[in-house]
Amino acid sequence: MEIRKDFLPLSRPSIGEKEIEGVVSCLKSGWITTGPLCKAFEEKFCELTGASHALSVSSGTAGMHLLLLGLDIKPGDEMITPSMTFASTLNMIALSGARPVFVDIHYDTLNINADLIEGKITERTKGIIPVHFAGAPVDMDKILSIAKKYDLFVIEDAAHGLGAYYKGVHVGGWGQIAIFSFHPLKNITTGEGGMITHNDDYLESRLRLLRFHGIERDAWKRYGKGGNPKYDIKTPGYKYNLTDIQAALGLAQLSRLEELNNHRRELADLYRRKLEGVEGLELPGVPDYPHTHAWHLFIIKVTSMDRERFMQKLSEYQIGYGIHFPAGHRLSYIQERYKIKKGELKETERADSKLVSLPLFPDMKEEDVSYVCEAIREILT
Ligand SMILES: *Cc1c(COP(=O)(O)O)cnc(C)c1O
């Protein structure tokens, strides 16, 4: 086959006129940091998830940090999480002084195996952080019943899950806590950014203080007409607020969520049709319960060839790729600190060396998918 001239990236944000107009109008408005647009963006997340509170933050990672602090997670505590997740979650747990306790995944979907959670619970366990991996919702019914039985927090890592539904409920819609990410790779973007959704008034007051220096009122309430510029600080806080420029981008993106995700889904279906039966790779599995997949990523497992060589070949064909993720328990500091035994996370390790994410983004063309599939056939034969 003929090799294309231009590079096909793993992902690229879909930025249209609506996004550009939104941002320009914010820039012209005279208020560009946290203000009315962040508030409107937060309200949209309450509508989408049914949560009573949504808090915009500077990244998904910042959201996780605030939550662990807001929930008083501290040294000696344990948080249950898959090892197959982004390192940011593990970093936040480690930095809080708590210990990440890893649960194995289902090899096919890469989602946490909820049947193995109960076996990892101790008297130190404070919560469970499941990840809706690649956009496939985890088995929430099972996770919620365990959390209820042992009185644990559930923090859904919904960084991949915007637009994903489990049995008709949008992720983040169970009265629990969820975080979303708007990194440019995710289903919608604000450049960088994130959102926390939850239903707890007390937690909300803590999170709001921790998000912005520990100051009670928002800047736009202090500097607006008739505002009071005085403040006191009762607890020190961070600087994790989102800006209105970012929220303008996010509002425009969110209004296109269905369009963007539908296109992702069509491309994922096409990948599946074109790669069906190709030897030397495995297609992503999907959950067997009713769900809507958000297709954040399309991840194959390369079984007949060394992954490094496979990725090298993709590069030669001008195709971008990713690894989501290197298993967390194999990262140097996690290995040294928490000493996870080899073989303890069998399915995670079985998947770990084979995962490759293929290009998938809303503005990708069907011809691009065909090109990638043809290249993969050539590479593997
Ligand atoms: C992207 C991501 C995050 C963190 O989001 P940021 O906004 O980049 O901080 C957390 N968890 C998972 C699974 C992610 O993919």
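## Around the ligand

A residue counts as near a molecule or strand if one of its heavy atoms lies within 4 Å of it. With that in hand, 14 residues surround the ligand here, and the closest are Thr61, Asp157, His160, Ser181 and Lys186. This is a predicted model, so local features need pLDDT of at least 70 and side-chain atom pairs count only at pLDDT 80 or more, while totals for chains, interfaces and linings use all residues. Residues are numbered from 1 along each chain as its sequence is written, and side-chain values use heavy atoms, with hydrogens and water left out.

Three side chains make polar contacts with ligand oxygens, a polar contact being a pair of N or O atoms within 3.5 Å (within protein, one must be able to donate a hydrogen and the other to accept it, and residues adjacent in sequence count only if both atoms are side-chain atoms). Threonine 61 puts a polar side-chain atom 2.4 Å from a ligand oxygen. For serine 181, the distance from a side-chain N or O atom to a ligand oxygen is 2.7 Å, and for a polar side-chain atom of lysine 186 it is 3.1 Å. On its own the ligand has 380 Å² of accessible area, and the protein covers 94% of that (Shrake-Rupley method with a 1.4 Å probe; for residues, only the protein chains shown count as cover).

## Helix 3 and what follows

Threonine 61 also turns up at the start of helix 3, where a side-chain oxygen of serine 59 comes within 3.3 Å of the backbone nitrogen of threonine 61. Helices here are DSSP runs of H or I with at least four residues, strands are runs of E with at least two, and both are numbered from the N terminus. Helix 3 is mostly covered, with nine of its eleven residues buried (buried is under 20% relative accessible area, exposed is over 50%, partly exposed is in between, with a 1.4 Å probe and protein chains only). Among the buried ones are Gly60, Met64, His65 and Leu67. Leucine 67 sits in helix 3 (residues 60-70) and has a relative accessible area of 0%. Leaving aside neighbours within four places in sequence, leucine 67 is in contact (heavy atoms within 4.5 Å) with Ile155, Ile177, Ile179, Ile196, Leu203 and Leu207.

Just after helix 3 comes aspartate 72, with a positive phi near 65°. Aspartate 77 is in the loop between helix 3 and strand 2 (78-82), and at 6% relative accessibility it counts as buried. A polar side-chain atom of aspartate 77 is 2.8 Å from the backbone nitrogen of lysine 74. Beyond four places in sequence, aspartate 77 is in contact with Asp72, Ala98, Arg99, Arg124 and Lys126.

## Domains and cores

The domain assignment gives domain 1 (17-255) and domain 2 (257-380), with bounds from an automatic or database assignment. Their C-alpha centres lie 25 Å apart, and the contact takes 43 residues from domain 1 and 41 residues from domain 2.

Now for the nonpolar cores: sets of buried Ala, Val, Leu, Ile, Met, Phe, Trp, Tyr and Cys residues joined through side-chain atoms within 4.5 Å. The largest has 39 residues, and Phe41, Phe45, Ile117, Ile128, Ile143, Phe180 and Ile188 touch the most other members. Elements that give two or more residues to this core include helix 2 (36-49), helix 5 (140-150) and helix 9 (257-275). Helix 5 gives the most, with five residues. Both domains give residues to this core, so it lies between them. A second, separate core of 32 residues includes Phe310, Tyr317, Leu360 and Val369.

## Odd backbone spots

Most residues other than glycine have a negative phi, and most peptide bonds are trans. The bond from histidine 324 to phenylalanine 325 is cis, with omega near -5°. Phenylalanine 325 is in the loop between helix 10 (307-316) and helix 11 (332-338).

Glutamine 318 lies in the loop between helix 10 and helix 11, and has a positive phi of about 65° although it is not a glycine. At 22% relative accessibility, glutamine 318 is partly exposed. Lysine 339, in the loop between helix 11 and helix 12 (346-352), has a positive phi near 45°. Lysine 339 is exposed, at 63% relative accessible area.
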